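Me: I'm new to reading protein models, and I'd like a close look at one part of this one. Could you start at a single residue and walk me inward from there?

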Amino acid sequence: MVDRAPDARTTFPSTPAGIPRLDAERAPENPLDLLGSWWRAVIALGATDPSYVTLATASTTGIPSSRTVQLLDVETDALLFSTNEGSRKGVEMHATGRAAVSLYWRETAQSINVTGRVLWADDAENEERFAAESRAVQASRIVSFHGRPLDDEAAQLARFTTVVESGEPLRRPAYWRWFRLVPDGVTFWEGVPQALNRRLHYAREGNRWTRRPIQA
């Protein structure tokens, strides 16, 4: 008898035994407490690239775009990222003040979708965070501008090496900034056999959160 690979159309991800189940009754009042606990748990499990997430933005005319970015921190009321504010995502976030983030970890069959407003860090925080980065990362910020045509990769690499080895203090490019996504909606999802998945949706109402289970 020939072994056949599982049919992706009828095989669904399922959160493994031992992972705490999504429970609307016991879920914390603040969704970022739950998001942070899930994130730290998958990091502890050794999941593949647990901090790389999908960030979606849109133009003022409604044209969407998305890309993979690194989640830097989960704070009490926001998710922290950094970017070139002159990139497409930076321009769109400045124009609309909005963004969305999706996280998915295959090891735990868990997913989180976040929507919210964007707040940009001030110059003092940007300078402090840039100074804390490694010299190589600082140099990469200086020699690369997201989205521009790359006419000569060898020249860019040579400039990168020159900057790294210069020995001089490196200054933050004005366009490199940190920003926060402050959620007003967060949906948690976990895989269950037969695709009867669990979902829990949080919505911000003024200064408080409401939560309720929703159909998957």
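Reply: Happy to! Let's begin with Pro 213, which sits in strand 9 (residues 208-214). Keep in mind as you look that this is a predicted model. Its pLDDT averages 91 over the protein, and 94% of the residues score at least 70. Confidence is lowest in helix 5, with a mean of 88, and highest in strand 1, at 98.

Is Pro 213 buried or exposed? Its relative accessible area is 56%, and the mark for exposed is over 50%, so Pro 213 counts as exposed. Leaving out residues up to four places away in sequence, Pro 213 touches Ala 24, Arg 199 and Leu 200. Now find Arg 198: its C-alpha atom is 7.5 Å from that of Pro 213, although 15 residues separate the two along the chain.

Arg 198 is a good stepping stone, because a polar contact of 2.9 Å joins its side chain to the side chain of Glu 190. Glu 190 belongs to strand 7. Its relative accessible area is 0%, so Glu 190 is buried. What else does the side chain of Glu 190 reach? It comes to 3.1 Å from the backbone nitrogen of Leu 22. Setting aside residues up to four places away in sequence, the residues that Glu 190 touches are Thr 15, Pro 20, Arg 21, Leu 22, Ala 109, Asn 197 and Arg 198.

One of those contacts, Ala 109, deserves a short stop. Ala 109 is in the loop between strand 5 and strand 6. Its phi is near 50°, a positive value in a residue that is not glycine. At 1% relative accessibility, Ala 109 is buried. Asp 49 makes a nice comparison: this residue also has a positive phi, of about 45°, without being a glycine. Asp 49 is in the loop between helix 1 and strand 1, but with 51% relative accessibility it counts as exposed.

Back in strand 7, let's turn to Phe 188. Phe 188 is buried too, with a relative accessible area of 0%. Not counting residues up to four places away in sequence, its contacts are Leu 22, Pro 31, Leu 34, Leu 35, Trp 38, Ser 111, Ile 112, Arg 198, Arg 199, Leu 200 and Tyr 202. You have already met some of these names: Leu 22 and Arg 198 are also touched by Glu 190, while Arg 199 and Leu 200 are also touched by Pro 213.

Among the contacts of Phe 188, look closely at Trp 38. How are the two rings arranged? They form an edge-to-face aromatic pair, with 5.2 Å from centre to centre and 80° between the planes. This pair links distant parts of the chain, since Trp 38 is in helix 1 and Phe 188 in strand 7, 150 residues apart. Trp 38 has 7% relative accessibility and so counts as buried.

A second edge-to-face pair is made by Tyr 202 and Trp 209, whose ring centres are 6.3 Å apart and whose planes meet at 80°. Tyr 202 is buried at 0% relative accessibility. Trp 209 has a relative accessible area of 15%, and because buried means under 20%, Trp 209 is buried as well. Together, Trp 38, Phe 188, Tyr 202 and Trp 209 form one aromatic cluster.

Now widen the view to the nonpolar residues inside. In soluble globular proteins, nonpolar side chains tend to be buried together. Here the largest nonpolar core has 32 residues, and the members touching the most others are Leu 79, Phe 81, Ile 112, Val 114 and Phe 188. At least two residues of this core come from each of helix 1 (31-44), strand 1 (52-58), strand 4 (79-84), strand 5 (98-105), strand 6 (110-120), strand 7 (176-190) and strand 8 (198-205). Which element gives the most? Helix 1 does, with 6 residues. Apart from this core lies another, of 6 residues, including Leu 80, Ala 121, Phe 130 and Tyr 175.

Our last stop is helix 4 (residues 135-143), where Gln 138, Ala 139, Arg 141, Ile 142 and Val 143 are buried. The cover over these residues includes strand 4, helix 3 (123-132), helix 5 (153-165) and strand 7. That brings us back to strand 7, the home of Glu 190 and Phe 188.

Terms used. Residues are numbered from 1 along each chain as its sequence is written. Side-chain values use heavy atoms; hydrogens and water are left out. A nonpolar core is a set of buried Ala, Val, Leu, Ile, Met, Phe, Trp, Tyr and Cys residues joined through side-chain atoms within 4.5 Å. Buried means under 20% relative accessible area, exposed over 50%, partly exposed in between (1.4 Å probe, protein chains only). Helices (H or I, at least four residues) and strands (E, at least two) are DSSP runs, numbered from the N terminus. Contact means heavy atoms within 4.5 Å. pLDDT is the predictor's confidence in each residue, from 0 to 100. A polar contact is a pair of N or O atoms within 3.5 Å; within protein, one must be able to donate a hydrogen and the other to accept it, and residues adjacent in sequence count only if both atoms are side-chain atoms. Rings of Phe, Tyr and Trp (its six-membered ring) pair if their centres lie within 6.5 Å; planes under 30 degrees apart count as stacked, over 60 as edge-to-face and the rest as tilted.
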